[in-house]
Amino acid sequence: MNEKLISRMSSLVFVFAIFLFYGCNYYKPVTKNLSASPETKVDQIDSLSQKTFILHIENRVFLMRNTYINKEKQKLEATLEEVPMIHQTYLMDDTGKFKYDPKSPNVLHEVHVYANLDEKKRLGDQVVIPVQNINRIELIERDKQRSSGNTVLAVVGITVGTLAVISAIVALTKSSCPFVSVHDGENYALQGETFGGAIYPSLAREDFVPLPAAAIGREIKVQISNELKERQYTDMADLILVEHNSGDQILVSPDGQLYLAKQNIKPISATLNGRSDMLDQVSATDNIPCSFNDLSHASSVNELVLNFDNPGEKKKLVLQVDMRNSMWLDFLMAEFTSNFGSRYVSWVEEQKKRPAQDFIDWQENQNMPLTVAVKTKDGWKLVEKVKTIGPLMNREVAISLEGFDLGSEPIEISLITGFMFWEIDRISLTEVSPVAESAIQVLKPYKARDEKDRDILSPIIEKDGIYLEQLQIGNRAYLTYQVNDFSKEKEYSAFFYTKGYYEPIREFEGPTNKKFLTKFREPGAFPDFSKYKYQEVTQSAYLVAK
């Protein structure tokens with residue numbers, strides 16, 4: 001392995017370590033809207049049974065051990081114990097900053113129950129709480145809008161002022177796609193990347209980016225920016241706004257279908273390649289993902305098989321997946337294209353003349369999409385092949401299971417991809433209902449200015465093949481949307497609906513490595529390359545360390 005590659009990887013690992021160490025991780029207490037019906041309320045509590053319960057009675061707080069939800073009697077039963085230090089992060093936070101140590105994320109697994117009881121309780125007592133005596137439940141969740149930094153640069157809510165730092169880190173390997181940020185009331189907060197993998201005009205595609213950090217008022221402001229060496233072309237940029245009840249979650253599928261989440265069903269098992277237990281990795285959003293990185297597996301293609309309890313017939317179900325591509329995949333693409341040497345630019349021009357299906361077929365033969373399948377009584381059936389979404393941000397995606405005969409047995413799902421191409425942070429089987437058309441607004445920007453305050457509205461109003469061109473690092477589009485009939489009394493969720501493509505700019509030198517490149521005409525060559533390169537890099541790092 002050459003010294004240049006070792007240097008690049010060493011720098012990458014070092015910078016990531018620094019970013020992880022200094023990255024900010026925040027949580028937030030989310031008050032659950034409890035039903036007035038005891039039957040429904042006990043079901044709501046039961047859905048949280050895998051969490052750690054902490055009981056608040058007047059001014060006293062207890063850990064609830066051996067918690068049991070008695071559905072028949074509609075009571076919550078437990079043994080009261082002292083709350084250990086690992087579960088006192090929220091209890092001892094007098095500042096309201098809600099910050100936690102990523103090395104000890106126990107707070108993210110807590111449920112705080114506030115109840116009225118007539119008799120005094122002490123440590124060691126058994127407690128029986130009628131559900132009607134429960135006044136409030138707080139679920140502790142990771143605050144995606146404020147948190148930054150994880151094992152692979154999981155930045156959520158990073159302000160534009162910080163993007164220069166991100167660019168310096170990511171430029172080591174990142175081929176990028178347009179950055180999407182939304183105004184959160186104070187700054188522009190990074191939300192993700194759009195039309196990932198669409199690197200030729202023929203691959204221009206639509207994309208739907210959730211905007212959880214959006215400050216929604218009479219106006220909503222979104223930014224599209226070019227942060228790395230590439231040319232970006234955006235055909236249209238609409239904003240989808242959904243009105244819903246407080247506490248509701250709206251999901252979007254890769255093709256833009258909107259769903260109202262009703263009930264989440266956690267997997268009862270998750271096994272990688274038939275032997276490695278991944279249940280903990282995919283059961284909670286905690287930045288500890290399943291990375292499809294089984295080195296001991298004979299194949300460089302990895303399969304995650306999940307089982308879920310079947311909620312019964314006539315349920316509208318989706319897979320709710322919190323995921324991203326790996327930064328490693330971007331590194332591999334940079335290594336692959338560098339082998340074209342000085343011929344890279346002319347090779348790209350040749351690719352532009354090829355039909356989109358050629359590239360789609362090649363990517364599928366290299367297991368780059370995330371292939372989702374479901375087991376039916378007639379065997380395994382393909383559900384969807386999810387296109388790349390980029391490595392900077394987790395994205396929550398709904399993958400519909402409508403139209404498949406799921407029977408009454410536990411539901412079995414398969415996710416297949418190449419070695420370390422995707423990261424799955426959390427997955428659930430979610431019962432959903434459609435979103436009413438009357439609740440959906442599709443907004444066009446009424447104002448669009450660039451970084452020099454020039455009007456750039458015309459190219460992005462319609463999906464017409466006329467593109468907004470952002471050709472240089474630092475180009476920005478500031479888009480403003482007007483919200484019809486906005487009310488402070490209502491809740492909204494926003495999604496950025498775009499279409500476009502981008503062209504990475506690369507300046508390679510030297511001869512073309514034809515022998516190396518010819519290998520990639522064969523199916524499965526890229527996953528093999530990924531696994532080989534990973535072993536090479538880790539072995540070299542080990543030797544350097546010695």
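This passage describes the fold, strand pairing and selected side-chain contacts of a single chain.

The structure is a predicted model, in which local features need pLDDT of at least 70 and side-chain atom pairs count only at pLDDT 80 or more, while totals for chains, interfaces and linings use all residues. Residues are numbered from 1 along each chain as its sequence is written, and side-chain values use heavy atoms, with hydrogens and water left out.

The mean pLDDT (the predictor's confidence in each residue, from 0 to 100) is 87 for the chain, and 87% of its residues reach 70 or more. Two segments have pLDDT under 50 throughout, namely residues 1–22 and residues 149–173. In terms of contacts (heavy atoms within 4.5 Å), the model has 34 beyond four places in sequence for residues 1–22 and 88 for residues 149–173.

The chain contains nine helices and 28 strands; helices (H or I, at least four residues) and strands (E, at least two) are DSSP runs, numbered from the N terminus. Of its 546 residues, 51% are buried, where buried means under 20% relative accessible area, exposed over 50% and partly exposed in between, with a 1.4 Å probe and protein chains only. Among contacts between residues at least 6 apart in sequence, 77% join residues at least 24 apart.

Strand pairing was assigned where DSSP finds at least two bridges between two strands. Strands of a sheet pair through backbone hydrogen bonds, either parallel or antiparallel. One open sheet has six strands in the order β16-β15-β17-β22-β19-β20, with antiparallel pairing. Strands β16 (276–277) and β20 (379–386) are at the edges and have a single partner strand each, so one side of each lacks a neighbour in the sheet. Strand β15 (residues 269–272) runs antiparallel to β16 and is joined to it by two bridges; T271 has D277 of β16 as its bridge partner. Elsewhere, β18 (residues 317–325) and β21 are antiparallel and joined by six bridges, with D322 opposite E396 of β21. Strand β21 spans residues 395–400, and five of its six residues are buried.

T430 is located in strand β23 (residues 422–434) and is buried, at 0% relative accessibility. Beyond its neighbours within four places in sequence, T430 contacts L251, A261, K262, Q263, N264, K316, L317, V318 and Q320. Its side chain forms polar contacts (pairs of N or O atoms within 3.5 Å; within protein, one must be able to donate a hydrogen and the other to accept it, and residues adjacent in sequence count only if both atoms are side-chain atoms). One such contact, of 2.8 Å, is with the side chain of Q320, and another, of 3.0 Å, is with the side chain of S428. The C-alpha atoms of T430 and I399 are 9.8 Å apart, with a sequence separation of 31 residues.

Two acidic residues in strands were also examined. D238 belongs to β12 (residues 230–244) and is buried, with a relative accessible area of 3%. The side chains of D238 and K444 are joined by a polar contact of 3.2 Å. Excluding residues up to four places away in sequence, the contacts of D238 are V442, L443, K444, P445, I461, Y481, F495, F496 and Y497. E193 is part of β9 (residues 188–193) and is buried at 2% relative accessible area. A polar atom of the E193 side chain lies 3.1 Å from the backbone nitrogen of L392.

In contrast to these buried positions, G465 is partly exposed, at 43% relative accessibility. G465 occupies the loop between β25 (447–450) and β26 (468–470). The C-alpha atoms of G465 and K499 are separated by 9.5 Å, although the two residues are 34 apart along the chain.

The whole structure contains 27 aromatic pairs. Rings of Phe, Tyr and Trp (its six-membered ring) pair if their centres lie within 6.5 Å; planes under 30 degrees apart count as stacked, over 60 as edge-to-face and the rest as tilted. Ring pairs connect F336, F340, Y344, W347, W362, F421, F508, F516, F520, F526 and F529 into a cluster. For charges over rings (NZ of Lys or CZ of Arg within 6 Å of the ring centre and within 35 degrees of the ring normal), the charged end of R136 sits over the ring of Y114, 3.8 Å from its centre. The charged end of R354 sits over the ring of F359, at 5.3 Å from the centre.
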